[in-house]
Amino acid sequence: MRLIQVCALCAWLFMSLLSDASSDCDFPAIFNFGDSNSDTGGLSAAFGQAGPPHGESFFHHPAGRYCDGRLVIDFIAERLGLPYLNAFLDSVGSNFSHGANFATAGSTVRPQNTTLRQTGGFSPFSLDVQFNQFSDFQRRSQTFRNKGGLYAALLPKAVDFSRALYTFDIGQNDLTAGYFHNMSTDQVKAYVPDILAQFKNVVEYAYDHGGRSFWIHNTGPVGCLPYILDLHPEKTTRMDRAGCAAPYNEVAQYFNRQLKAAVLQLREELPLAAITYVDVYSVKYSLISQAKKHGFMEPLRACCGHGGKYNYNKNIGCGGKVKIHGKEVLVGKPCKDPSVWVNWDGVHYTQAANKWVFEQIVGGSFSDPPIPLNKACHGLHH
Ligand SMILES: *[C@@H]1O[C@H](CO)[C@@H](O)[C@H](O)[C@H]1NC(C)=O
Ligand SMILES: *[C@@H]1O[C@H](CO)[C@@H](O)[C@H](O)[C@H]1NC(C)=O
Ligand SMILES: *[C@@H]1O[C@H](CO)[C@@H](O)[C@H](O)[C@H]1NC(C)=O
């Protein structure tokens with residue numbers, strides 16, 4: 001090849017790389033898998049509404065979310081110009097034309113051997129079940145879409161399954177499950193590889209079903225949540241400098257290191273996949289450990305709850321009521337201004353915290369590779 005041709009080729013390659021990197025993915029849909037961090041109505045549909053005051057700051061009524069308003073997945077949908085995701089399990093009034101949400105509060109990657117009504121209260125909709133639901137949704141949505149009319153207006157196009165963003169935020173409950181069964185930290189660590197093997201399987205299945213763009217959140221500092229702090233008196237648990245239960249956070253970080261390794265393996269096994277790993281842990285830990293600096297207060301106390309050091313009581317949850325002299329009295333009350341609180345109900349973050357977390361991660365500064373949300377197809381779409 002002559003020099004001039006080589007240069008032209010270089011310039012063309014450079015330009016096409018540049019244009020790929022600079023154009024948005026225009027994701028037509030989101031398919032989400034996860035736990036309460038991204039549940040927009042799944043558990044509520046199956047086991048009863050998360051009652052008031054959930055939803056009060058934004059929806060002004062309960063909206064299937066364990067939060068006073070929007071979750072990180074809602075801010076993701078907003079930023080991509082898509083409607084909020086309906087829960088797959090919400091059979092009335094749902095519009096799935098731009099995706100579906102398979103997450104439910106209390107979900108784990110590994111199916112649990114105890115039900116929602118027993119220890120810990122884990123959801124029966126573990127990640128394998130969520131994938132089966134997705135698979136069925138994909139098949140049936142096309143059968144019905146072909147009938148046209150209203151079906152076509154409520155269900156995604158076949159091509160959208162490969163152009164969609166597949167989002168995952170799950171694992172936290174797998175870690176707490178062991179502790180709720182009185183396991184030691186070493187025993188919990190021992191089953192982390194099995195969680196990740198099962199997680200990897202589901203990403204591979206989604207790829208086999210046409211999924212290409214994956215946005216994977218790591219797990220947060222669970223040892224900073226009031227429901228965990230309330231479980232263990234400080235005398236018996238090692239606390240870190242932020243006042244969080246250190247063993248829980250160490251297990252979460254151990255899980256995250258292995259999740260990142262699993263993502264690297266997936267990239268090798270799935271050559272056409274664009275997989276973004278998002279370090280939500282660091283963002284949430286920074287918010288909690290430096291709350292004041294970020295404009296928040298009382299990061300270890302629940303905004304909505306009742307009593308104790310952490311304003312959390314597992315028997316009187318957010319919105320909980322008791323009857324006194326025949327009158328219902330609200331015991332699990334919300335704080336005056338949830339917009340400056342980090343924690344909502346002892347287990348979940350406030351809308352304000354979710355928004356803050358979203359703003360940190362959307363630009364790619366906490367991602368591997370460091371690419372913003374709207375480019376998470378890594379140039380694959382063009
Ligand atoms: C549930 O029980 C089965 C059979 O004993 C076991 O293989 C599996 O690991 C258990 N699952 C969990 C999450 O403990
Ligand atoms: C479903 O949502 C999409 C996007 O918001 C909208 O364009 C479409 O009209 C909705 N379908 C129906 C039947 O309301
Ligand atoms: C864990 O230990 C506590 C305290 O000894 C006990 O009350 C509880 O039943 C145990 N839980 C399980 C699942 O074994």
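Modeller: A disulfide here is a pair of cysteine sulfur atoms within 2.5 Å. In this predicted model, a search of the whole structure finds 4 of them. With the bonded cysteines numbered in sequence order, the pairing is 1-8, 2-3, 4-7, 5-6.

Colleague: Why is the link between C224 and C244 called a disulfide?

Modeller: Their sulfurs are 2.2 Å apart. The cut-off is 2.5 Å, so the pair qualifies. C224 sits in the loop between β4 and α10, C244 in the loop between α10 and α11. They are 20 residues apart.

Colleague: What makes the disulfide of C224 and C244 right-handed?

Modeller: The torsion about its S-S bond is about 100°, so the disulfide is right-handed. The link of C303 and C335, with -90°, is left-handed.

Colleague: How do you know whether C335 is buried or exposed?

Modeller: Its relative accessible area is 13%. Buried means under 20%, so C335 is buried. Its partner C303 has 2% and is buried. The sulfurs of C303 and C335 are 2.2 Å apart.

Colleague: What does the disulfide of C304 and C318 tie together?

Modeller: Both cysteines lie in the loop between β6 and β7, so the pair ties together parts 14 residues apart in sequence. Their sulfur atoms are 2.1 Å apart. Both C304 and C318 are buried.

Colleague: Why is C67 not bonded to C303?

Modeller: The sulfur of C67 is 10.0 Å from the closest cysteine sulfur, in C303. A disulfide needs 2.5 Å or less, so that is too far for a bond. C67 counts as buried, at 0% relative accessibility.

Key
Residues numbered from 1 in each chain as written. Chains lettered and ligands numbered in written order. Predicted model: local features only at pLDDT ≥ 70, side-chain atom pairs only at ≥ 80, totals over all residues. Heavy atoms only, no water. Helix = DSSP H or I, 4+ residues; strand = E, 2+ residues; numbered from the N terminus. Buried < 20%, exposed > 50% of the residue type's maximum accessible area, 1.4 Å probe, protein only.
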